Amino acid sequence: MGLVNWGRPTDRSMAKGMAALLAGAAAIALGMPAAKAQQATQPPADQQTDQAKKTDEKPAGGSTLLDKILVISRTGETAIQSLASASHVDREQLDRRMATTPNEMLLGVPGVAVQADARRVSSSINIRGLQDFGRVAVIVDGARQDFQRSDHGTQSTFYVDPELIKSVDVIRGPVANTYGSGAIGGVVFFDTKDAEDFLKPEESWAASVTGRYESNGKGWTTSASGAYRFNENWDVLGNIVYRDYGDYKNGGGDTVAGTGFDVLSGLLKTTIRPSENSELKLGWIGSSDGWTETSSGVPANDVDLKSNTFTARYNITDDAKSWLDLHINASYNKTNLDLKTLVPQNRFDPSTGLPVVLPAGSLSTFDVGTTGIDIWNTSRFEAAGIAHELTYGGDWVGDDVETGGTAGGDSFYTPSGKRNVSGAYIQDKLTWEWIEIIAGLRYDSYSLKDSDHETSGDRLSPRITVGVSPFESAGLAGLQFYGTYAEGYRSPSLTETLISGNHPAGVTFPFLPNPNLKPETGKTVEFGVNYKQNDILEAGDALRLKAAYFNNNVEDYIDGVTLSAFDPTSGCPFGPGIPICFQYQNFAKAKINGFELESVYDAGWSFAGLSASIINGHTVSYEGERADLATIPSSQVTAQLGLRFLEDKLTVGGEVQYNGKPRGNPVAKDYTLVNAFASYQATDNLKVDFRADNLFDVKYTNPLNGSTTAVLYEPGVTLKLAATMRFGG
């Protein structure tokens, strides 16, 4: 299948828009005047981390996002240095977006979409058309977020307040397999704020208060932060955030019931430096959320959620001992969700399928605890003129799921049980003149069980990447090409394997468990280009560009299927409801391919960005039948332009994002969003921010919500105004 079906009208318009925007980017990248020649060769391995740190320093024209060191990187790389599809969203970008939800934090990151449905505080991240059940590893300060609840909307969700986050790293594809098992789609790493990010060098303490109002839903956000530096080797930071939002209105002016929420979130984090070369970070992140779920526009359930994450991260690096760059991460995350019915509800008994009435006040509980350990070390050395960065380590994640409550409650359909996933890996990054090679091998194993079933499996997954920087001429010295083949391995989840019972409402039919599910294996081929150049149009400016084409074959892909009771080979029994069954089954494969682009230009007084992603995908059954993949997101082109005035105290700008309908989606349409932003640092202690989202009040829906029972329209025009007061001494 080609990358795009050029014969379709929506794809032709998409192609024209893409061509114009990409031609502009190419003109900037290739039509620039000659700049000073740069060495294309890589420094010795033991100097690369230092070089990465230097690139993070702000040049005369301002630093670009792709020059920031990836927190998730295990070899101290920046995004532009990475031979992979990697993106970084920094604090400046997050402040500019004034995010209320994770979806807003990840605006314009190529290949990434967020499904949130009406429960805006809960989100599921989609990378390259893959999401749910661990296909995308969502990590907060090193802690895996594995909460899952069976429903028509999002399945695997996480809870983190954007106000607590200082940066987000994204790595797309199974090249991320050094960051944990199962991430065949990729990894999203949220790094929370530290005291050293808040305190000025001369301060021992600081505090700030932020108040923000949003017009759509008449929402208020209040945030208070405080930091204290005991000495140069010990500091602490605390942050508390409260949000109170009503139901928002969509672009048609209609109120979307059930979208209001109130949430209290907090962060406590301390950093201790036992020696010059070591650091220990201890942290807690928590939230207490509440919202109302609706059915046919009528309040049906009251939801209360509490999430607590505890993390400990230790690293020791000794410049005098190039073999030592050790990291030890330990974490525990516990999420408790209580669902209480507000009115009597007509249901079907999950065991018998017979009609029952679920009384008002009935309670269903979902408790998921995730424990994780991640240990790795990087040794740097040189042999026969070739620099090596040898990274080796292992990780373990254990999920403990307990659900319960009133018979006939929703928790019945999210099975209780335990799952253990572990892995070990070794990866060597070799650098010789203008050639770079990354070779890696990962071993994964898993086991899951409940009171009646137990299953397990294991596999080896390789990765090989070759990058070349062959040019030395002034305009091409920063040009690098790479190719990758990587595999990843995802074990079935508890729900996919063990779900059972009868559909609870509307109509009834059985859910069938499938303890014989095979694990998924992602096999990705990717070709990419990195380009970086300084002093292009004027002294001190910078251009950074990353682009990639990928083709991912996910073998034994798992998805839900409907079986007919009239087919004697289906295993679907006749019951009291309609003659069908639902079961998670393996497909021969899911084939997904696409193109991604991310570029940033910064001249200090102005900045611009252009990102794009086109993704197509379908499943293929073992009989060769092909079907559109429901989790394919919109193709997107996002452009950003900003200007800085008054010695960078005032920033104004805007964003335009075009979204093209994915093929086969029954509810999606093409749409374009326009946003505007401004921030003014009035004094050292007062900052004012303004933002307008969906400026032209477009009525649109997220295509990832197309599988839900009712079309959910996203917020219409939303104006945001915030002020932050800061004190320190």
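# Reading sheets, cores and salt bridges

Analyst: Strand 4 and strand 7 run parallel and are joined by 5 bridges. That is a handy place to begin with this model, which is predicted.

User: What does it mean, in general, for strands to pair in a sheet?

Analyst: Strands in a sheet are held to one another by backbone hydrogen bonds, and the pairing can be parallel or antiparallel. To see one bridge here, find Val-140: its bridge partner in strand 7 is Phe-190.

User: Which order do the strands of that open sheet follow?

Analyst: The 5 strands come in the order 1-6-7-4-5, with mixed pairing.

User: Why do strand 1 and strand 5 each have one side without a neighbour in the sheet?

Analyst: Strand 1 (86-89) and strand 5 (143-144) are at the edges and each has a single partner strand, so one side of each has no neighbour in the sheet.

User: Where can I practise on an open sheet of 4 strands?

Analyst: Try the one with the order 23-24-28-27, again with mixed pairing. Strand 23 (501-502) and strand 27 are the edge strands, each pairing on one side only. For the antiparallel sense, look at strand 27 and strand 28 (residues 580-586), which pair over 7 bridges. Within that pair, Ser-564 has Ile-580 in strand 28 as its bridge partner.

User: What lies in the loop between strand 27 and strand 28?

Analyst: Gly-575 is placed in that loop, and it is partly exposed at a relative accessible area of 40%. Gly-353 is 222 residues from Gly-575 in sequence, yet their C-alpha atoms are 7.5 Å apart.

User: Let's turn to the inside. How many residues are in the largest nonpolar core, and which have the most contacts inside it?

Analyst: That core has 30 residues, and those with the most contacts inside it are Leu-106, Ile-125, Val-168, Val-170, Val-188 and Phe-190. Several elements supply at least two residues each, among them strand 4 (136-140), strand 6 (165-172), strand 7 (186-192) and strand 10 (234-245). You have already met Phe-190 as the bridge partner of Val-140. For a closer look, select Leu-106: setting aside residues up to four places away in sequence, it touches Arg-97, Val-112, Val-114, Ile-125, Val-168 and Val-170. There is also a second, separate core of 20 residues, which includes Trp-291, Phe-366, Leu-448 and Tyr-489.

User: Is a loop residue such as Tyr-557 buried or exposed?

Analyst: Tyr-557 sits in the loop between strand 26 (542-555) and strand 27 (558-564). With a relative accessible area of 3%, Tyr-557 counts as buried, because buried means under 20%. Beyond its neighbours within four places in sequence, its contacts include Leu-130, Arg-135, Glu-520, Phe-587 and Leu-629. Lys-518, 39 residues away along the chain, has its C-alpha atom 8.5 Å from that of Tyr-557.

User: Which residues form the nonpolar patch on the surface?

Analyst: Phe-645, Leu-646, Tyr-680, Val-688, Phe-690, Leu-695, Phe-696, Leu-719 and Leu-721 make it up, with about 820 Å² of accessible area together. Strand 35 (686-693) and strand 36 (718-728) are the elements that give two or more residues to this patch. Phe-696 is in the loop between strand 35 and strand 36; it is exposed, with a relative accessible area of 62%.

User: What is the general idea behind a salt bridge?

Analyst: Side chains carrying opposite charges can pair when their charged atoms come close. This structure holds 48 salt bridges. One of them joins the side chains of Asp-374 and Arg-74, at 2.6 Å from N to O. This pair links distant parts of the chain, 300 residues apart: Asp-374 is in strand 17 (residues 363-383), and Arg-74 is in the loop between helix 2 (45-55) and strand 1. Asp-374 counts as buried at 12% relative accessibility, and so does Arg-74 at 10%.

User: Where are Glu-203 and Arg-726, which link distant parts of the chain?

Analyst: Their salt bridge has its closest N and O atoms 2.7 Å apart. Glu-203 lies in the loop between helix 5 and strand 8 (205-214), while Arg-726 is in strand 36, 523 residues apart. Both residues are buried.

User: Which residues are linked in a network of salt bridges?

Analyst: Asp-141, Lys-166, Asp-191, Asp-194, Asp-197, Lys-269, Lys-281 and Arg-313 are linked in one. Within it, the side chains of Asp-194 and Lys-166 meet at 2.8 Å, N to O. Asp-194 is in the loop between strand 7 and helix 5 and Lys-166 is in strand 6, so the pair ties together parts 28 residues apart in sequence. Asp-194 and Lys-166 are both buried.

Key:
Residues are numbered from 1 along each chain as its sequence is written. This is a predicted model: local features need pLDDT of at least 70, side-chain atom pairs count only at pLDDT 80 or more; totals for chains, interfaces and linings use all residues. Side-chain values use heavy atoms; hydrogens and water are left out. A nonpolar core is a set of buried Ala, Val, Leu, Ile, Met, Phe, Trp, Tyr and Cys residues joined through side-chain atoms within 4.5 Å. Buried means under 20% relative accessible area, exposed over 50%, partly exposed in between (1.4 Å probe, protein chains only). Contact means heavy atoms within 4.5 Å. Patches are made of residues with over 30% relative accessible area and no salt bridge: like charges are joined within 9 Å, nonpolar side chains (Val, Leu, Ile, Met, Phe, Trp, Tyr) within 5 Å. Accessible areas come from the Shrake-Rupley method with a 1.4 Å probe; for residues, only the protein chains shown count as cover. A salt bridge is a side-chain nitrogen of Lys or Arg within 4 Å of a carboxyl oxygen of Asp or Glu. Two strands pair if DSSP finds at least two bridges between them.
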